[in-house]
Protein chains: 2
Amino acid sequence: MSWYQKRRERIYDWMAGEGISLVMIEDSEGRRNQAIRWLTGQPGDALLFLSADRRSLLVPWDINMARIYAEADALIPYGEFSRRPLKALAAAAERLGVPRGSRIEIPGDTSYPRFLQCVEELSDYDIICREGSVWTELQKGRAVKDEDEIAIYRKVSKITNEIISLLEKRIRQGKLKTEAEVAFFIDAEGRKRGCEGMGFETIAAGPSRSFGIHAFPSFTGEQFGGPGLSILDFGLVFGGYTSDITLTFAAEPLSKGQEKMISLVEKAYALASSMIKSGLPTRELAQAVDGLFGSNKLSMPHALGHGIGLQAHEAPSLHNRSENEWVLEPGMILALEPGLYDPVHGGCRMENDFLVTEEGAEVLTESRIIRL
Amino acid sequence: MSWYQKRRERIYDWMAGEGISLVMIEDSEGRRNQAIRWLTGQPGDALLFLSADRRSLLVPWDINMARIYAEADALIPYGEFSRRPLKALAAAAERLGVPRGSRIEIPGDTSYPRFLQCVEELSDYDIICREGSVWTELQKGRAVKDEDEIAIYRKVSKITNEIISLLEKRIRQGKLKTEAEVAFFIDAEGRKRGCEGMGFETIAAGPSRSFGIHAFPSFTGEQFGGPGLSILDFGLVFGGYTSDITLTFAAEPLSKGQEKMISLVEKAYALASSMIKSGLPTRELAQAVDGLFGSNKLSMPHALGHGIGLQAHEAPSLHNRSENEWVLEPGMILALEPGLYDPVHGGCRMENDFLVTEEGAEVLTESRIIRL
C-alpha cells in the first residue's frame, strides 16, 4: 500500500466513525490546501472527493499533470464541470453513489455566501461546513510525519545546511554583496541539488530593512551583511516539503541595543529548544519565550513558530493564545523562530527546524546568528 | 487629496448609499486581498476598518512597516488584539463610535463557521457577510485604473519589454540555457530596473514540460528553448502593479501538430485582441476564442484572460461562464492568454497586456511566439 493510500485510509476510517458519506477538499488560487498533494501526490489546483466506500475521485484543473503525478481511483478534468466547484460536487456525489439525505462535508473555510448556495443547489444532501472535524484530522495526519516524510526532511535539511555553509563563506569573502545576489544564490544552489523551488519568497533584508518582520520588498539590490543586523529567512522545497530557517548576520560596529537583541534572541532560542519534548502543550513553549522577552520590556510581534511540511505554515501552531492549542508528539517537525525588531536597531531572528522525539528534539538545521 | 484618499472616498460614498456603518477588510496569509494596499499603501498583512463618518483605522501585523508605507487616519498594532480579527473588529467598532444595532460588513469570503462566531461575539451589531456589495465596488474601483496606475503600467510594461528583448537575444545566443537561468535572469534584470519582485512564480518550461498549463515545478535545471515548444510566463512588479506576459519559443524541428497549435494560438490571439473595446461583455470575448478552438476540435483548459493590477488575477474576469461577467471599460488593464496544451506536442501560449480605450485597446507589452 502506498503512503498516499495509507493516508487516505486514515481519512476513510475517520469518515466511517463520524457517519460522513463524502468529503470534498479544495486546492485553488487564494485557498491553497496541500492536503490534496498529501493524499494523492497531485501538486496543485484540484478538487478531491473521498467517499465512505473508500473511493477517491480527483478533479484536476490540469489533467495532463494529474496523469503524471496523481494517485486516485478516478480522474475527471475540472473543465467537464465548467470549473465550477458545486457542479463538480453534485456530479461526484452522483458518480460515487452517495445516498440522498446523507452527510457531505465541504471545506471548513467555505465562505458563508457559498455555503448558502451549496445548501440550495445540493438540497438532497445534508451539507456540513465546520471547523475541526476532518480538517483537524488532516492537520493531525500531516503534523506527525511518517517515515517517508522524515526521510525527505533529512534530505532537505542536509541541502539547507550545505547552503547555509556556502552562504557564510561567500558572504564573508564578499562574493555575495546584495540582498538579491544572496536570494538568487540560495534558489540556484537548491535547484542544483534537486529542490523543486522555494517554500516562500526568500527574505533577505540588509541593516536598513531588517526591522520588518517580513521585509518589503522581500529582497532588493541593496547591500546585505553591512554594519548592523541583516536577516535572511528562506525555505527550500524537496519532494514537496519545505525547510524554514532564518540566519541573522551581525557586523561591527554594533550598538548596545543591537547586542542586547542578539543576546535575548539567543537566550529565547536556547530556552525554547531545550523545552521541546513529547507531551508539551505548544502554548507553554510560546509563553516561556514571551515571558522572557516581556521581563526585558520587549515583545515579539509574531508567533514563536509553527509546524512545517508541504506548506511553510502547518500544524501544530506554536503561539501564546488560547485557541488552536496543540500538544507535541514524536514525529512532528517544527520551526522555532524567536525574533525582535526595532525601527532604529533593525531586526534579529534565529530559526531552525526540529524533529520532536520521545525524549526531546533533534535539531535538523544549522542556522545561527553569524558575526561577520 | 492623495490617490489613496480618493479611493477611500469612493468607498465611503458607497457606504453612505447602502447604510453601512463599518466595513472590515482583511489581508492575511491564505486570504490575500490587496484592496488594503490600494486604499492605504500598506503592502500586506493587516485589517482595515472604514467607518461611515469617513475615518480609516489600519491594524497592521507589522507596525514599523505601516509607519513607513501606510496612509490611514489611525494605526493600531495587531498585537494589541492578540492578532485575533474579531477582537480587533469589536475594538474598532467601539473606537470609531459605530452605533449599536447598525450594519457592519465583514469580508464576503469569511467562512461559515467564522461568520457564526462573529454574529455571536458581536451580537450588538447587524453583521453582514455577502458577495457583491462593497467587494464588487472595490473590484470595480481597482479594475478601472486611475491616472496614477496607468502611469505605473506604462513603466512596468516598458521594463517588461526591455527584458523580453534581452531574453530573445540571450536565448538565441545560447547564453541562457536552462529554465532556471532564464527565470533568475528575468528577476535580476527586473530588480536592477527598480522592480520590487515578481507578480507570481515564473513559469519556464522547456519542450518536455510545456504541456502543463502551469508547469510543475515552475522551473528546473532542464534545457529551455530546445527543439519543440518552450513556454515562458512571467510578471514583473513595479510600484505594486504586475505585468503578466507569456512567450512561446518554437525551435525546429516542429511537428505538424505543433505548427497547428502555433497557428491556432496566433489566430485566437489576433481575434481576441481585435475585439477588445469599451462596452464589450467579457464573456463574448472568451466565447469567440473557445469557438475558434472548438471548430478545430481543440479546447483551452483555462480562461482566456483576466484583469491585472496589484494582484496577478483581478477583475474583470474573462471567461466563458455565466457568472462574474463584466463589461469592458476604458482604463481597464487586461492580460489575454490563449493557449493549447498537449501531452505529446507540448504547450503553446501567447499573452500580452492591454489597456482598454474608448475606441479599442492599446497593447502595452510585446510578447509573441518566437521562432528560434
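**From a helix residue to the whole assembly**

In this predicted model, R170(B) touches K175(B), L176(B) and F185(B), when residues up to four places away in sequence are left out of the count. R170(B) itself has its place in helix α7 of chain B, which runs over residues 147-172, and with a relative accessibility of 28% it counts as partly exposed, since that term covers values between the 20% limit for buried and the 50% limit for exposed. A long separation in sequence goes together here with a long separation in space, for R170(B) and W3(B) are 167 residues apart along the chain and 40 Å apart from C-alpha to C-alpha. The preceding position in the numbering, K169(B), is likewise found in helix α7 of chain B, and at 48% relative accessibility K169(B) also counts as partly exposed. Within this part of the chain, the C-alpha atoms of K169(B) and V156(B), which are 13 residues apart in sequence, are separated by 20 Å.

L176(B), one of the residues touched by R170(B), leads on to another helix, because L176(B) also appears among the contacts of V182(B), where a contact means heavy atoms within 4.5 Å. V182(B) is found in helix α8 of chain B, residues 179-192, and its relative accessibility of 0% places V182(B) among the buried residues. Apart from residues up to four places away in sequence, V182(B) touches L167(B), I171(B), L176(B), F224(B) and L232(B). The last of these contacts bridges a considerable stretch of sequence: V182(B) and L232(B) lie 50 residues apart along the chain, while their C-alpha atoms are 8.7 Å apart in space.

Attention can now turn to the backbone. Most residues other than glycine have a negative phi, and most peptide bonds are trans. Against that background, R54(B) has a positive phi of about 65° although it is not a glycine. R54(B) is found in the loop of chain B between β2, residues 46-51, and β3, residues 56-60, and its relative accessible area of 32% makes R54(B) partly exposed. In chain A, R83(A) is also a residue other than glycine with a positive phi, in this case of about 50°, and R83(A) is found in the loop between β4, residues 74-75, and α4 of that chain.

The peptide bonds offer a further pair of details. In chain A, the bond from A315(A) to P316(A) is cis, with omega near 0°, and P316(A) has its place in strand β14, residues 314-318. In chain B, a cis peptide bond joins A315(B) and P316(B), where omega is about 0°, and P316(B) has its place in strand β14 of chain B, again residues 314-318.

How, then, are the two chains related? Chain A can be laid on chain B with an RMSD of 0.0 Å by a turn of 180° and a shift of 0.0 Å along the axis, which is the relation of a two-fold axis. The same surface serves both copies, in that 100% of the contact residues of chain A recur in chain B. One place where the chains come together involves helix α5 of chain A, residues 112-121, in which Y112(A), P113(A), F115(A) and C118(A) are buried. The buried residues of α5(A) pack against α4 (85-95) and β6 (126-128) of chain A, and together with these against α5 (112-121) of chain B.

Taken as a whole, chain A has 10 helices and 20 strands, and the C-alpha trace spans about 70 × 40 × 40 Å along its principal axes. The radius of gyration of chain A is 23 Å, which agrees with the value near 21 Å that a compact globule of 372 residues would have. Buried residues make up 60% of the 372 residues in chain A, and of the contacts with a separation of 6 or more, 64% are accounted for by residues 24 or more positions apart. The exposed area of chain A is about 14100 Å², of which carbon and sulfur atoms supply 50%. As for charge, chain A carries 43 positive and 53 negative charges, and the mean positions of these two sets are 4 Å apart.

Conventions: Residues numbered from 1 in each chain as written. Chains lettered and ligands numbered in written order. Predicted model: local features only at pLDDT ≥ 70, side-chain atom pairs only at ≥ 80, totals over all residues. Heavy atoms only, no water. Helix = DSSP H or I, 4+ residues; strand = E, 2+ residues; numbered from the N terminus. Rg over C-alpha atoms; globule rule 2.2 N^0.38 Å. Buried < 20%, exposed > 50% of the residue type's maximum accessible area, 1.4 Å probe, protein only. Areas by Shrake-Rupley, 256 points an atom, 1.4 Å probe, with all protein chains shown as cover. Lys, Arg positive; Asp, Glu negative; His and termini not counted. Charge placed at Lys NZ, Arg CZ, Asp CG, Glu CD. Least-squares fit on C-alpha atoms with pLDDT ≥ 70 in both.
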